[in-house]
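Got your viewer open? Let's take a short walk through this model, one selection at a time.

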Amino acid sequence: ATDTIRYKIELEEIILTDNGVYTLSEEQKRIAILKRRIYKTYPYAKLASEKLVAMNLMMSKLKTEKEKKKYFKIVEKFLTNEFEAKLKKLSRKDGQILVKLINRQTGLTTFELIKDLKSGWKAFWSNNTARLFDINLKTSYQPYDVLEDFNIESILLTGFENHTLVRQEAKVPIDLDKLISTWKEKTAEMKAEKTNQ
């Protein structure tokens, strides 16, 4: 009989290019993962915004409560059939990114969208889906204050520019010059703090 010795080797992640090989830093890996999550969830957030606008317009045209109730049931059924199964396939972190993107696109938090049954978005985020994610539905999109949100905005803008994402402006306009200068200041402050330690 022979003895088998097993080794566990941690290989550093590398990228092969025409110009050779280079390794990914932790920051590059984090941004690459964030980009993948954004590209996965952005279409849902974009559609959520479009459907919300269309639904609110239609609801405003309906005269009676009976008509509104009937329309609401149709919308709820559509959203359940269209999205629930797809949303359940997202990871918890994907779900949290989606919550931020929905806030960016609609100007409302996911919690605000679903607390009012008349909005129809109760179906978009069923109790089961929210429980599955175990995420904070009140999370808002704060690109001026939260580094991850700044990175999300940067990835979105790059995607819009190279046409890999269909452009949809944020509900609350984002001043790009102000955003960039804000993060230049924050970065300079962080570097100064590290130097002083």
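In which hand, right or left, does H1 pass H7? Keep that in mind while you get set up; what you are looking at is a predicted model.

**Stop 1: H1 and H7**

Select residues 26-61 for H1 and 147-161 for H7. Turn the view until one helix lies over the other: H1 passes H7 in a right-handed crossing. To describe two packed helices, people give the angle between their axes and the distance between the axes. Here the axes come within 10 Å and cross at roughly 65°.

Now show the side chains where they meet. On the H1 side, pick Arg-30, Ile-31, Leu-34, Lys-35, Ile-38, Tyr-39 and Tyr-42. Their partners in H7 include Leu-147, Glu-148, Ile-152 and Phe-160. Leave Glu-148 switched on, as the next stop comes back to it.

**Stop 2: Lys-100 and H3**

Select residues 92-106, which make up H3, and pick out Lys-100 in that helix. Is Lys-100 buried or exposed? Lys-100 is buried, because its relative accessible area is 7% and anything under 20% counts as buried.

What does the Lys-100 side chain make a polar contact with? Show Glu-148 again: the two side chains make that contact at 2.7 Å. Other residues in contact with Lys-100, beyond its neighbours within four places in sequence, include Thr-139, Tyr-141, Asp-149 and Ile-152.

Zoom out to the whole of H3. This helix is mostly covered, with 13 of its 15 residues buried. Its end C-alpha atoms sit 21 Å apart, which agrees with the span that 15 residues should have at 1.5 Å a residue. Step on to Gly-107, which follows H3 and has a positive phi, near 80°.

**Stop 3: H8**

Next, select residues 176-196. This is H8, whose 21 residues reach 30 Å from first C-alpha to last, close to the 30 Å expected.

Colour Leu-179, Thr-182 and Trp-183, which are buried. Look down the axis of H8: the buried residues fall within an arc of 90°, so they line one face of the helix. Part of what covers these buried residues is H7, your helix from the start of the tour.

Roll H8 over to the face turned away from its buried side. There you'll find exposed residues, among them Asp-177, Lys-184, Glu-185 and Lys-191.

Last selection: Asp-175. Which end of H8 does Asp-175 cap? The N-terminal one, with a side-chain oxygen of Asp-175 lying 3.1 Å from the backbone nitrogen of Asp-177.

Methods: Residues are numbered from 1 along each chain as its sequence is written. This is a predicted model: local features need pLDDT of at least 70, side-chain atom pairs count only at pLDDT 80 or more; totals for chains, interfaces and linings use all residues. Side-chain values use heavy atoms; hydrogens and water are left out. Helices (H or I, at least four residues) and strands (E, at least two) are DSSP runs, numbered from the N terminus. The expected span of a helix is 1.5 Å times one less than its number of residues. Buried means under 20% relative accessible area, exposed over 50%, partly exposed in between (1.4 Å probe, protein chains only). The arc is that of the directions from the helix axis to the C-beta atoms. Contact means heavy atoms within 4.5 Å. A polar contact is a pair of N or O atoms within 3.5 Å; within protein, one must be able to donate a hydrogen and the other to accept it, and residues adjacent in sequence count only if both atoms are side-chain atoms. Axes are lines fitted to C-alpha atoms, for helices over the stretch in contact, and angles run from 0 to 180 degrees between N-to-C directions. A crossing is left-handed if the near helix is turned anticlockwise from the far one by less than a right angle, and right-handed if clockwise.
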